[in-house]
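Open your viewer, colour the chain by secondary structure, and keep the selection panel handy. We will walk through the model one selection at a time.

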Amino acid sequence: MKNTVICLLLFGISLTASAQEKVETVSMRYETQNDMPLFYQKMKENLTYPMAWGNSSIRNFKKWREEARKTLLDCMLPAPPATAFDKEVIDTEQRNGYRAEKILFSVSEYSRVPAYLLVPDGNGPFPAVLLLHDHGAHFSIGKEKMVRPFGVEASVLADADDWAEKCYDKQYVGDYLASHGYVVLAVDALFWGERGRKEGVRYDSQQALAANMLQMGMSWGALIAWDDIRSAEFLASLPMVHKEKIGTMGFSMGAHRAWMVSAATDVVKAGAAVCWMNTTDSLMTLTNNQNKGGSAYSMIIPGIRNWMDYPHVASIACPKPMLFINGLRDKLFPVKGVESAFSTMQDVWKSQSVENLLTTKFYDLPHFCSKEIQDDILEFFNQNLK
C-alpha cells in the first residue's frame with residue numbers, strides 16, 4: 001500500500017511536470033518576428049501580380065496601360081474632392097536668372113497648400129518640373145528641401161541648408177533647375193513643413209495618422225499621390241508653363257512619388273527618380289527598413305500588391321522618357337532587388353521598341369543625390385523637355 005501511494009505521488013508529480021512543460025511550450029509559441037508574420041515568405045510566393053505587363057491577359061499595350069492605370073487609381077480611391085486652384089502669391093524674391101514666389105493654391109477641397117514656385121526670367125512658355133521632396137524621417141521642412149526658402153525664421157533656413165548639405169550635396173535641386181530655364185513647383189506633402197503636426201514632430205505619429213485616415217476610408221499614401229497628381233495639373237494650368245513639357249523629379253520618398261505620378265497621369269511627360277526602386281521580394285524581409293511601419297505608411301497604396309509590384313506600376317509610365325538612379329551602397333534598397341526591378345522595366349520599354357527612352361543607372365554612392373546625379377537629371381530633362 002505504501003509503495004502504491006509513493007508510485008501514485010511520483011506519477012502525479014510526473015504529470016504535473018509534464019503539464020507544466022506543456023504550458024511552457026504553449027506559452028513559448030509565437031507567430032511574428034521583427035513585426036513580420038512568420039509565414040511572410042509564403043505570402044510573397046502568393047503574389048503573382050496578375051495585372052503586370054506580360055502577366056495580364058491583355059496583349060494590346062495601350063489597352064493594358066489604360067486598365068493598369070485604372071487598377072492603380074481604383075486602389076487609391078477615394079480621391080479628395082477637386083476644386084479650383086485659386087493661386088495666390090504671398091511673397092516674391094528675385095534670384096539670379098529667375099523669380100522665387102511663395103504661393104498658396106487649393107490642391108483639393110480639403111487643403112489649401114503653401115508652395116514655392118520658381119519662374120525663369122524672360123518670356124515663356126517654359127518647360128517645368130514638379131519637385132517632390134524626400135521623407136528622411138525629417139518632417140520640420142518639406143518643400144524647403146527642394147527650394148531654398150526665403151522670408152522665414154533663421155532656424156528654418158538653417159534647417160533647409162543643413163538638409164541640402166546632407167542629402168543634396170549642398171545644392172538645392174529646384175534652384176539649380178530654375179537657373180537653367182525650368183519653372184519649378186515644390187509643395188509640402190501632408191505631415192511635412194507647413195502641413196505638419198500642430199503638436200510638433202513625432203515619428204510615431206505617422207502610424208497614428210495613417211490609421212486614422214484608413215478608419216475614415218482613405219489611405220495617407222494615396223492622399224499624397226492624389227495631391228501630387230493635382231500639383232502636376234496645377235503646374236500645367238499656369239500660363240508661363242509649356243503644357244507638353246512637364247517633368248517630375250524626386251529623391252528617396254520623392255523618387256517613389258515621381259514614378260507614381262508619372263504612372264498615374266499623362267500631364268507628366270518625363271520623370272526622374274533617385275534612390276527608390278526595388279521589388280517587394282527584396283524589401284519585405286526581417287531586416288529591411290520597409291518592414292518597420294512608420295515611414296512605409298506614406299508610400300503604401302492598399303491592395304496594389306495583389307495586382308502589381310513596384311516596377312510594374314512604374315511601367316505604366318511607358319513609353320515616357322524615365323530616368324532611374326540608385327546607389328550601390330544604399331542600405332535601404334538591396335542592389336539585387338534594384339537590378340531585378342530595372343530588368344523588369346527594361347523589358348517593358350523594350351517590348352514597345354522605346355528602350356532608348358528608359359535610363360537605369362547605378363552610382364557608387366549611399367542614399368544620396370549628388371551634384372553629379374543632378375547634372376544627369378538636368379541633361380535628361382534638357383533632352384526630353386526642351
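## Starting at a helix and its partners

Select the buried residues of H4 together with what surrounds them: they pack against helix H5 (173-178), strand E8 (241-251) and helix H12 (371-385). Keep in mind throughout that this is a predicted model.

Now show H4 alone, residues 154-168. Which of its residues are buried? They are Asp 159, Ala 160, Trp 163, Ala 164, Cys 167 and Tyr 168. These residues cover an arc of only 135° around the axis, which puts them on the same side of H4. Turn to the other side of H4 and you will find Ala 154 and Lys 166 exposed.

A quick check on geometry: with 15 residues at 1.5 Å a residue, H4 should span 21 Å, and its end C-alpha atoms are 20 Å apart, which agrees. Step just past the end of H4 and pick Asp 169, which takes a positive phi of about 60°.

## The sheet

Next, hide the helices and display the strands. An open sheet of 9 strands appears, with mixed pairing and the order E3-E4-E5-E7-E6-E8-E9-E10-E11. Which strands stand at the edges? Strand E3 (88-95) and strand E11 (358-363) do; each has a single partner strand, so one side of each is left without a neighbour in the sheet. Ignoring direction, neighbouring strands of this sheet are turned by 15° against each other on average.

Zoom in on strand E5 (residues 112-120) and strand E7 (residues 183-187). They pair in the antiparallel sense over 4 bridges. For a landmark in this pairing, label Tyr 116, which stands opposite Ala 186 in E7.

## Helices across the sheet

Bring the helices back, starting with H7, residues 220-237. Helix H7 lies across strand E4 (98-106), E5, strand E6 (126-132), E7 and E8, and runs at about 160° to E6. Then select H11, residues 335-351: this helix lies across strand E10 (322-327) and E11, and runs at about 165° to E11.

## Into the cores

Switch to side chains. The largest nonpolar core has 79 residues, and those with the most contacts inside it are Leu 235, Trp 259 and Phe 324. Helix H7 gives the most to this core, with 11 residues.

Centre the view on Trp 259. What is in contact with Trp 259, leaving aside its neighbours within four places in sequence? The list is Ala 273, Trp 276, Met 277, Tyr 310, Val 313, Ala 314, Met 322 and Phe 324. Apart from the largest core lies another one, of 40 residues, among them Leu 118, Phe 251, Ala 272 and Cys 275.

Stay with Trp 259 and widen the selection to H8, residues 253-264. Helix H8 is mostly covered, with 12 of its 12 residues buried. Besides Trp 259, the buried residues of H8 include His 256, Arg 257 and Ser 262. The length fits as well: 12 residues at 1.5 Å a residue should span 16 Å, and the end C-alpha atoms of H8 are 16 Å apart, which agrees.

## Zooming out

Finally, reset the view to see the whole chain, with its 12 helices and 11 strands. Its C-alpha atoms fill a box of roughly 110 × 55 × 40 Å, taken along the principal axes. Of the 386 residues, 51% count as buried. If you draw a contact map, look away from the diagonal: among contacts between residues at least 6 apart in sequence, 73% join residues at least 24 apart.

Definitions and conventions: Residues are numbered from 1 along each chain as its sequence is written. This is a predicted model: local features need pLDDT of at least 70, side-chain atom pairs count only at pLDDT 80 or more; totals for chains, interfaces and linings use all residues. Side-chain values use heavy atoms; hydrogens and water are left out. Helices (H or I, at least four residues) and strands (E, at least two) are DSSP runs, numbered from the N terminus. The expected span of a helix is 1.5 Å times one less than its number of residues. Buried means under 20% relative accessible area, exposed over 50%, partly exposed in between (1.4 Å probe, protein chains only). The arc is that of the directions from the helix axis to the C-beta atoms. Contact means heavy atoms within 4.5 Å. Two strands pair if DSSP finds at least two bridges between them. Axes are lines fitted to C-alpha atoms, for helices over the stretch in contact, and angles run from 0 to 180 degrees between N-to-C directions. A nonpolar core is a set of buried Ala, Val, Leu, Ile, Met, Phe, Trp, Tyr and Cys residues joined through side-chain atoms within 4.5 Å.
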